[in-house]
Amino acid sequence: MTTALAPPVRMGKAAVAALGMLAVSTGALESVVSPTLPLLQRELDMSPAEGALLNIVLAITGTLVTPLAGKLGDRYGGKRVLIRLMAVVSVGGLVSALAPSLPVLLLGQILQGAMVGALPLSFIVVRKHLPAGESKAAIGLVSGMFVGGSMVGLLSAGPVAEAFSRHWMFAVPTFAVIGFTLLVNRLMPSDPPGRSDDAGIDWPGLLLLSGILVTLMLVFALAPEAGSQPLVLGALIVVLAAFVTGWTAVERRAAAPMVDLRMLARPVIWKSCVVTFVICLGTATGVYLVPQLLDVSGDGYGFGAGPTEIGFILLPGAVAATLAGPLGGIGERRFGSRAVVMTATVIMAAALLALSAAHTEVWHIVVGKALIALANGLCVTAMVTGIASSVDEGDTGIATSLVLVARVLGSAMGGMLGGALLTSGTPSGSEVPAESAFTTGFLIAGVVAVLSLLVVRTMNKGVKE
């Protein structure tokens, strides 16, 4: 005789509200760097390339954590893993708040990257403890509050940093994260561990991919100084090639690879990866260059804006990114993923090329940044839904992981490209990059987006290939 399993304990409204406020806090903590990056570069004596590294390291480490979160949650229980990941985020926030130098601040951002894996895990926990209709509403609430928290961070980071110090712009949201994590731990019911995945976790693949990303960032950081350190740069390129070779071999032989490289031979997969890479490269280039252009005061270019003004100027872009998700989903259902991706790529290319030619008025920057954010959101949404309908159900996770890696690489290379261009474009004895460095950055990303249209035109509308 078998005993029926007891249904999961229902989650109360207070627990959902606490989870939502935790999302607000993490969203705010995640977004404080962008509007204050020029200030951080001055206070910590960072080069533009180092600033670009700081701007993207949280997203990169978060992307590496995300594939592990679901498996660990299934193995040990969703709530248990969620609370521990948020503890790591809290430690990262405190390290960032107390950081006296760039290496320590980078460590803090690496630890904060755990939040990227914690939020999807919270959605899984909600689904376990609420009926289908209520869980969808709760997931929508938490997602919306995370976006709202990002806007709070954009608007509050500058005033807090200017009124107090850069330390407090990390400390205030971190204290909120700690408080709401404790509240979630108290109010959220525990869920039992699920069945473990017999294949386990691809730790060698994860570590080698981490090595690839770190080495790639170091190559871009040192590229502007290649003339003075050719041996170091050459050695890093050799190390990068070794990591790529080792990772490729490991992923081909792994029983449950983090990224199944054999699927790259399928046209629907490699085309999606190429377009995702290009869109994210353009987005990351714009996300890095725009605050830098707002901050500088050059001869006939730049605006000399402070962190508070930069936050307000970036706000329309955050709103556009928020709207892009729903719009991308609606467009994909009505017109197909190819039509949405084509539209997004055209918008991205037009915005970047326009910024390369016209960036002397604030409205140029506001409109350009908003269009870049809109294009990125439309493309990513269409790619995720398009992949889901273009591959067998059992291959969805593998295909998504490939697109995820392409997104990380595009974001890393876009941000570091912008930093390398500004570093090499800064005249000797000056701290202000030449206007040509900004123009070149926007132009390169725009031209790459235009070239990617050749790939987009050959994509199917969602049929299996």
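**Figure 1. Helices α11 and α13 cross at roughly 30° in this predicted model.** The view takes in helix α11, residues 267–295, and helix α13, residues 337–357, whose axes come within 11 Å. Because of that crossing angle, α11 is roughly parallel to α13. The crossing of the two is left-handed. On the α11 side, look for Val275, Ile279, Gly282 and Thr283. They meet Val341, Ala344, Thr345, Met348 and Leu352 of α13. Sorted by class, this contact has 6 nonpolar and 3 polar residues, with no charged ones.

**Figure 2. Helices α9 and α10 pack at an angle of about 155°.** Here we turn to helix α9, which spans residues 203–222, and helix α10, which spans residues 230–253. Their axes lie 9 Å apart. Angles over 145 degrees count as roughly antiparallel, and α9 and α10 are therefore roughly antiparallel to each other. Their crossing is left-handed. If you would like to trace the contact yourself, the α9 side includes Pro204, Gly205, Leu208, Leu209, Gly211 and Ile212. Further along α9, Thr215, Leu216, Leu218, Val219 and Leu222 also take part. Among their partners in α10 are Val232, Leu233, Leu236, Ile237, Val239 and Leu240, along with Phe243, Val244, Gly246, Trp247, Val250 and Glu251. The residues of this contact divide into 18 nonpolar, 4 polar and 1 charged.

**Figure 3. Cys280 and Cys379 are in no disulfide.** What is the number of disulfides that the structure holds? The count is 0. For Cys280, the nearest cysteine sulfur is that of Cys379, 7.2 Å away. For Cys379, in turn, the nearest cysteine sulfur is that of Cys280. A disulfide needs the two sulfur atoms within 2.5 Å, so this pair, at 7.2 Å, does not count as one. Are these cysteines buried or exposed? Cys280 has 2% relative accessibility and so counts as buried. Cys379 is buried too, with a relative accessible area of 1%.

**Figure 4. The protein chain holds 16 helices and 0 strands.** This last legend steps back from the close-ups to the setting they share. The chain has 465 residues, and buried residues make up 52% of them. Among contacts with a separation of 6 or more, 82% come from residues 24 or more positions apart.

Terms used
Residues numbered from 1 in each chain as written. Predicted model: local features only at pLDDT ≥ 70, side-chain atom pairs only at ≥ 80, totals over all residues. Heavy atoms only, no water. Axes fitted to C-alpha atoms, helices over the stretch in contact; angles between N-to-C directions. Helix = DSSP H or I, 4+ residues; strand = E, 2+ residues; numbered from the N terminus. Parallel < 35°, antiparallel > 145°, perpendicular 65-115°, else oblique. Left-handed = near helix turned anticlockwise from the far one by under 90°. Contact = heavy atoms within 4.5 Å. Nonpolar A, V, L, I, M, F, W, Y, C, P; charged D, E, K, R; others polar. Buried < 20%, exposed > 50% of the residue type's maximum accessible area, 1.4 Å probe, protein only.
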